[in-house]
Amino acid sequence: MSLGTVGFGISVFHQPVIFLVVPAWGIDAQDVPAIGSWHLPGLNDASDLVPTAALARHRLDRRFVDADRSNPLGTMPPPSAPAAVELAGLRKRFGDKVAVDNLWLTVPRGSFFGLVGPNGAGKTTTLRMLTGLLRPDGGLVRVAGADVWPDPTLAKVRLGLVPDGLTVFERLTGAEMLVYAGLLRGLPEDEAQSRSRGLLDALGLADDADALIVDYSHGMRKKVVLASALIHRPDVLVLDEPFEGIDPVSSAAIRDVLHRYRDHGGTVLFSSHVMEVVERLCDHVAIIAQGRILASGPLGSLPAGRLEDVFLHVVGGRGATDTDLSWLERGSA
Amino acid sequence: MSTGAVPLSLWRIVHLFARLKIRLVRNEWRRGVGARVGLVLSWFSAVVVGLSGGAILAAVDLTDPRAVRAFTLVGAGTGLACVVLPAVALGISEVIGPDHLRPFPLSRRQQLVGLLTAAAIGPVPLTGLLVLVGAVVGIARLTAGALPTLVAGGAVVTYLGGALAASRLPSVLLSRLLNSRRGRDAALVLASLLGVVVYAFQFVVRAADRLSGPALVRVTRVVRWLPPGALGRSVGLAAAGQAALAARWLAVGVAGVAAVLVVWSAAMRRQLGLTPTPARARRSRPTEPLFDGLSSALPRTSIGAVAARELRYQWRDPRRRVQAITALVMGLVWPVVNNLQRGRGRSATVLFATAACWLVVFGATNQFGLDGRAAWFDLSSNTGPRRLFLGRNLALFVPGFLAAAIACGVLGGLTGGWSYVPAALVVSAAGMVAGLGGANLASVLAPMPVPEGSNPLSSGGPGRGCLASLLYGVALAGLTVVLAPLVIAVTVQRRSASACLVVGLVALPCAVGVWWVLTAAASRLLRTRVPEVLGAVNPR
C-alpha cells in the first residue's frame, strides 16, 4: 500500500492519528502499525483487537507447517485467550502466482468477522488453508486454540465450513444429508435427527427435506450446506461467499441463523466482496488484496456507509472513467 | 441500442473457431504435469497410428478386386463406430458445443461450420485424416489419370465431414432427454448398457469369422447404402480405376452426409431452444432418514452413516449404478455366453461368478474421485480415514457379494455345478476383502476426478488423457498382484469343488489381514494427504 492510501485511511476514520512516515523504498502496509482503532497488522504491539505481537516474534517458514516432523521452533506460541482464529505468516503460491503472501490475521472469539477483498484477492485460498482443505507453503493457522497444520483433526472438531464452489452429497435428500453430517461428527442418531429437523425448519427447507439436493435451487443448496456445517455446533463457522447468488428471502433466513449462532458464543468468519452485506452483518472487518491483509479492525469505528470508499482506496480500485468506452455512448459510430 | 451483429463470412467463422479450439487445446498445457503428459501421449499416439495406417494404405495394392468390398465394409463399420463409440466409450469432445453458442447471434450455417471446424481439431480426427490421406496417395500412385484420385479425395473429405457430424449427433438428438436430471441419469445407464453391447461385439466378430463369401456379399449390399459405406465404396472403386462408378457412389455418400447435417442442424436448433428442467421433487417421507431399507441394519455410527450414504449413492448415482450393472452383467453374461458357446455344462464355470466381485473391487480404486466436489465433506470432518474406509468398504462389499451370489445361483442352475457355489462365494468374499484393501490404497495414491457432467454422453473423463489410463493400469496391476495368489490357487484346484472351498477358507483370514495392513497404510497416507487428494479430485 502506498503512503497516499495510509493518509486516506486516516482522514476517513476521523481518528487520532499516529502519523507514520512510510519510506517510499519498500515498507508496505503490512509492516505499518495501527491507525486509530484500525490497524495494519504485522508489527502491531498495542492493539487490543489483533494480538499479533506474540506471533510476530516468530519468523515463519515452511518448517512450521511440518511441525510434527521438523519444526525446530516448536509449535505456535500459546493461544491468545480471545482469539477464535489466528493466522500468522500464511503463504501460498500456485506456480508463479502468489495467492497468499505472508498473511497475518486474528479473529476475536464471538465476533462476526468479514474478510473482504476483490476477486482473486486470496480470500478463498486463505479460508481453504484455514480449514485444512489446502496445504499452505508456510505459516501457522490456529482455530479455537487448535493448530490446523500439520494435524487438522482437532481443529476439524471445532470448525464448521461452508465452502464456495464445493458441494455436499447431492444424491442424498436434505434430511439425509443433515443426519449424515451429524453422525459423521459423532452425534448420537436421535440428536442428529432432532437438530436436523430444527435446522431444516429454521432455514425454510422443511417442505423440501425429502427431495434430492441435486434438485435443489442454488439458494437451497447453500442453506443445506450451512445446516450441515452447523449441526455439530462448531466453535468457529467459516463461510466462503455465503450470500453469493442468494435471494433476499434465503439471505434473511441465513442471516437469522448466523446471528443466533453468534449471539450464543459462536464465531463467524466469512468472505465476501459485497460491502453492503459485510456492513450489515459484521462487527469486525479485514480487507485483503493480493494475498495480504491491508487493514482490519472493528466496523463500529468506521463511519456508517463508508466501507466501500475505504475498500476502494485501500485496495487501489479505480473506476472505468479513464478507459475509452466512448463507443458505449448513444449515438456514437 | 443494439447495432446488430456484423455478418461473418464462413471462412471467418472457420478461422475463429479453429483459433478458439487450438487455444483451448493449448491451454490444456497449463493445467499441470498430468495434463501435459496426457496431451503429449494423445497427440503422439494419434500421429503414430495415423501415419502407420496411412503408410499401409499408401503401400498396399488397392487395385485388388476384394478392396472395393473391404473399403465398403470398413467404411460402414468405422462410420457406425463414429456414432456409437464416442458416446459409449470415449465421450464426445464438447469443449465447444451448441450450448456455448447460445448467446451469439450466429446463423444455423455459421453454427454448423463453426462446430464442425472445432470438432475437426483433435487427435482422433487427425488419425482419420492421416489414414485417409494415405488411401488417396495409394490411389494416386496406382491409377493413371487424375479423375479417380479427385473422386477419392472428394470421398475422403466428405467422409471426414460426415464422421465429425455423426459423432456429435447422439448428444444433440438426445438433448430433450438429457435436459432433465432424471433423463441424464437414465441416458447414462443406457449408454453403459450400450457399452456392454460393444463388449458383446467380440461374439459378433467370432460369428463373422464363420461368415462365408456370399454372406459377406449380402452384408456389403446392405451397408453400401449407408453414407459411410457408400463413401468407402467410392474410394474402393476409384482405387480400381472405375472413376464414373466411384463418382456415382460419391454422390450417394454426399447425399447421405447432407441428410446427416440437416438432421444435426434441426436437432441443434431444437436443443438451443430448450431450457433445463429440474426433476420433480420426491415427496416420500422416510421415518428414519438415511437408515431405511437395506441400510436399516447398519450401526448408527459414523461408519454406519458412511456405509448408508454409499449404499444410497450406489442406487442414486448413475455412475455407480453403471458400475453395478456392468459388474453384474460381466459376472453373469460372460461365463453364461462362454458356457453356451462351448456347448457343455462345465461345473467349474460357477467360479467365474467371482468376476462380479473383481469388478466391484476395480471400480473402488478411485473412491474419492467418484465423490468429486463433495469429497471435502468427509475429509474435512473429524471422522478418521480408517472409519471412512471401513464404511465405504462395507457398502461395496454387501452389493458386490449379492451380485456374486446371484451369478452363482444362475450359473449353478445352468451348469449343474451347485457343489462349486460355496467355494465361489467364499472365494468372492476373500477376493473382495483383500482387493478392497488394495483399492483403498490406490484411492489415496492416485485419485482422479470423475466429473458428473450435464451431458452423460459427453463428459465423465478425468481430463488427463492417457495419464488417466496409465494410472488406472497401474492401480489394476497392483490389485492383480494382491489377488494373484488367490486366483492362481483356485485355478490350480479348479477340478475339485472341495479343494476350491478349502482354498477360499484359508484365503479368507489372510485376506482380512491384507485388508487391515493396506487400509492402515491408506489411512496413514490419507491423514497427511487430504489437500492433495482434494486437489486431485476437484482441480480448480
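Colleague: So pLDDT is the predictor's confidence in each residue, from 0 to 100. What is the mean for chain B?

Modeller: This is a predicted model, and the mean pLDDT of chain B is 79. In chain B, 80% of the residues reach 70 or more.

Colleague: Which elements of chain B have the lowest and highest mean pLDDT?

Modeller: Helix α10 of chain B, residues 201-209, has the lowest, at 61. The highest is 92, for helix α20 of chain B, residues 421-445.

Colleague: And where in chain B does pLDDT drop below 50?

Modeller: Residues 1-5 of chain B are one such stretch. Beyond near neighbours in sequence, residues 1-5 of chain B have one contact in the model. Residues 89-93 of chain B also stay under 50.

Colleague: How many contacts does the model have for residues 89-93 of chain B, beyond four places in sequence?

Modeller: There are 16. A caution applies: where pLDDT is low, predicted coordinates should not be read in detail.

Colleague: OK, on to the pair of chains. What are the ipTM and pTM?

Modeller: The model scores ipTM 0.72 and pTM 0.69.

Colleague: How many residues of each chain are in contact with the other?

Modeller: On chain A, 33 residues touch 31 residues of chain B. Two elements of chain A give two or more residues to that side: α5 (153-158) and α6 (174-184).

Colleague: Which element gives the most?

Modeller: α6(A) does, with six residues. By class, the side of chain A that touches chain B has 17 nonpolar, ten charged and six polar residues.

Colleague: Now chain A by itself. What is it built from?

Modeller: Chain A has eleven helices and ten strands. Of its 333 residues, 52% count as buried. Take the contacts in chain A between residues at least 6 apart in sequence: 67% of them join residues at least 24 apart.

Colleague: Any sheet to look at? In what order do its four strands run?

Modeller: There is an open sheet in chain A, in the order β2-β1-β4-β5, with antiparallel pairing. Its edge strands are β2 (97-108) and β5 (146-147) of chain A, each pairing on one side only.

Colleague: How many bridges join β4(A) to β5(A)?

Modeller: Two bridges join β4(A), residues 138-143, to β5(A). A:Val143 has A:Ala146 of β5(A) as its bridge partner.

Colleague: Which strands does helix α4 of chain A lie across?

Modeller: Helix α4(A), residues 123-130, lies across β1 (83-94), β2 and β4 of chain A. The helix runs at about 120° to β1(A).

Key
Residues numbered from 1 in each chain as written. Chains lettered and ligands numbered in written order. Predicted model: local features only at pLDDT ≥ 70, side-chain atom pairs only at ≥ 80, totals over all residues. Buried ≥ 20, exposed ≤ 12 C-beta atoms within 10 Å, placed from the backbone. Contact = placed C-beta atoms within 7 Å. Nonpolar A, V, L, I, M, F, W, Y, C, P; charged D, E, K, R; others polar. Pairing = 2+ DSSP bridges. Axes fitted to C-alpha atoms, helices over the stretch in contact; angles between N-to-C directions.
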